[in-house]
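Thanks for making the time this morning. I would like to take you through one sheet and one nonpolar core, so please keep the picture in view while I talk.

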Amino acid sequence: MAIAPKTKAAGKRTAPMKPVTTKTVAKKTAAKKMIAKTAAAKNPIVKKAVAKKTVAKKTAAKKAGAKKPVSRKVVKPRVRKFDLVIDKAKGAKWIKEDIRPQFEYRHFGVEEATGRQYGSHVIRVAKGARPPVSHHVHPDCEFLLVYVLKGWVKFWYDGEGEVRLNVGDVHLLPAGISHAVTGWSKDLEMLETTNPADYRSVELTDAQIARQGLPVGR
Ligand SMILES: [Fe+2]
């Protein structure tokens, strides 16, 4: 006959176990929460951590709520469209303008195409013309850019003095700066672009030129 092994339970008398009910679990959870709350109240570090968590949660909720709805409005670009301009070099016309008899101008049609908002042309020296173009200002020309295409040209600028521009050199003239053209090569050609197309050219008086310490007539 086989002998059954003695178990622990078999040798001792134990109290009957209470059944675990839902009520018991709820009670335990509530007790745990109370302990945590008390610990947080007593310990400032724990309190701070809890507070931070709460603030972060609130901020995230605010952000989610504050999200702007995506606009489906089509934004039109604020640009003015000009007519297409193609101006061929072959057969281009060169004209003289009263304001600068020393030069001839080849306009491309930019002035007409842009409602005279912009001017753009190549300038060359008229046959036999000699420097200088005396000191003057363009008080209402916002943008005046010159790019030397051929030869060379010398300008005098208030505050800068005389500067020789060679092929590929550029100047952007600030509105109202006093300047003069003091020299050029016979083969000079320069591209000039302006905004607007039409602007005043005010000659400096001899007294003003003298005050700037320049020889009269230059
Ligand atoms: Fe000028």
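Before I name any partners, let me say that two strands count as paired here if DSSP finds at least two bridges between them, and that what you are looking at is a predicted model.

With that in mind, take E6 and E7, which run antiparallel and are joined by five bridges; as one example, Lys154 has Arg164 in E7 as its bridge partner. The two strands form a hairpin with three residues between them, and in that hairpin Gly159 takes a positive phi near 90 degrees.

This hairpin belongs to an open sheet of five strands, with antiparallel pairing, whose order is E7-E6-E9-E4-E11. Strand E7 (161–165) and strand E11 (202–203) stand at the edges and have a single partner strand each, so one side of each is left without a neighbour in the sheet. At the E11 edge, the partner is E4, residues 133–137, which pairs with E11 in the antiparallel sense over two bridges, and there Val137 has Val202 as its bridge partner.

Now to the core. Which residues of the largest nonpolar core touch the most other members? Of its 13 residues, they are Val153, Val181, Trp184, Leu188 and Met190. The elements that contribute two or more residues to this core are strand E3 (119–125), strand E6 (153–157) and strand E9 (179–184).

Let me finish on Val153, which, leaving aside residues up to four places away in sequence, touches Val148, Leu165, Val181, Trp184, Leu188 and Met190.

Note on methods. Residues numbered from 1 in each chain as written. Predicted model: local features only at pLDDT ≥ 70, side-chain atom pairs only at ≥ 80, totals over all residues. Core = buried A, V, L, I, M, F, W, Y, C linked by C-beta atoms within 7 Å. Buried ≥ 20, exposed ≤ 12 C-beta atoms within 10 Å, placed from the backbone. Helix = DSSP H or I, 4+ residues; strand = E, 2+ residues; numbered from the N terminus. Contact = placed C-beta atoms within 7 Å.
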